[in-house]
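Welcome! Please take a moment to look over the chain below before reading on.

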Amino acid sequence: MTTLTLTQGDITREHADALVNAANSSLLGGGGVDGAIHRRGGPEILAECRRLRASHYGKGLATGQAVATTAGRLNARWVIHTVGPVFSHEEDRSELLSSCYRESLRVADELGARTIAFPAISTGAYGWPPQDAARVAVEAVRVADTAVGEVRFVLFDDRTYEAFAAQVR
Ligand code: AR6
């Protein structure tokens, strides 16, 4: 049984086995939640991302995929980096967004993580409307076959929090 919980705030303040980062394919950091995770987690995370790039992801991590590193100084054992799709009006990319959640949970299972915290992937710089992103995220977690016992969504702003709350009510 997987319990789904919601909280509003900064994911870098959370305690969980794994914290998910809304990264980009370079794995070399950026703004938003990615910037916050690297800032608070410290340089060990970036160092491991660089090693992963060199060994496995020379062309970058593909959209919808996920990979784990140390969590550095964060209150977690791992950071799972996933690359959300940029929102498009022309094309339905929700399967890729769903894949971010599914693949992050698959990586979490491989690691033996029992608690995981997700931000609202793709709802910032990548422009996904929060209601639709929340629908895809909650559905992806509900149907996932995972040993993770608690999936926590950590929503930064009121609008995104409300969008997720409407889905789990
Ligand atoms: N804790 C939780 N959620 C946060 C935090 C935080 N500390 N900071 C922002 N958010 P974004 P994306 C929310 O832009 O849309 C980066 O530059 C934010 O309000 O972080 O997937 C990457 O390097 C929003 O609801 O990620 C990529 O280039 C959500 O997190 C690109 O942005 C996601 O916003 C990825 O874009």
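The report below goes from the overall chain to its sheet, its helices and its ligand site.

## The chain as a whole

What you see here is a predicted model. The chain holds five helices and six strands. If you follow the sequence from start to end, these come in the pattern β-β-α-α-β-β-α-β-α-β-α.

The C-alpha atoms occupy a box of roughly 40 × 35 × 30 Å along the principal axes. The radius of gyration is 14 Å, and this agrees with a compact globule, because 169 residues packed that way would give a value near 15 Å.

## What the record says

UniProt, in an unreviewed entry, lists the feature "domain: Macro" at residues 1-169. Over residues 1-169, helix makes up 39% of the chain and strand 20%. The C-alpha atoms at the two ends are 18 Å apart.

## The sheet

The six strands form an open sheet, and their order across it is S1-S6-S5-S2-S4-S3, with mixed pairing. Strand S1 (3-8) and strand S3 (66-70) are at the edges; each has a single partner strand, so one side of each has no neighbour in the sheet. From one strand to the next, the twist averages 25 degrees.

A quick reminder may help here: strands of a sheet pair through backbone hydrogen bonds, and the pairing is either parallel or antiparallel. S1 and strand S6 (residues 150-155) run parallel and are joined by six bridges. Within this pair, Thr 3 stands opposite Glu 150 in S6.

## Helices on the sheet

Helix H2 (residues 43-55) packs on the sheet, where it touches S3 and strand S4 (78-83). The direction of H2 makes about 135 degrees with that of S3.

Helix H5 (residues 158-168) also packs on the sheet, touching S1 and S6. Its direction makes about 155 degrees with that of S1.

## Around the ligand

Which residues are closest to the ligand? They are Ala 22, Asn 24, Gly 30, Gly 32 and Gly 124, out of 25 residues that surround the ligand. Strand S2 (18-23) and helix H1 (32-41) are the elements that give two or more residues to this shell. H1 gives the most, with four residues.

What kinds of residues make up the shell around the ligand? Twelve are nonpolar, ten are polar and three are charged.

Definitions and conventions: Residues are numbered from 1 along each chain as its sequence is written. This is a predicted model: local features need pLDDT of at least 70, side-chain atom pairs count only at pLDDT 80 or more; totals for chains, interfaces and linings use all residues. Two strands pair if DSSP finds at least two bridges between them. Axes are lines fitted to C-alpha atoms, for helices over the stretch in contact, and angles run from 0 to 180 degrees between N-to-C directions. Two residues are in contact if their C-beta atoms, placed from the backbone, lie within 7 Å. UniProt positions are given in the numbering used here, feature names are shortened, and annotations may be inferred rather than shown by experiment. A residue is near a molecule or strand if its C-beta atom, placed from the backbone, lies within 6 Å of it. Ala, Val, Leu, Ile, Met, Phe, Trp, Tyr, Cys and Pro count as nonpolar, Asp, Glu, Lys and Arg as charged, and the others, Gly among them, as polar. The radius of gyration is taken over C-alpha atoms; the globule rule is 2.2 Å times the number of residues to the power 0.38.
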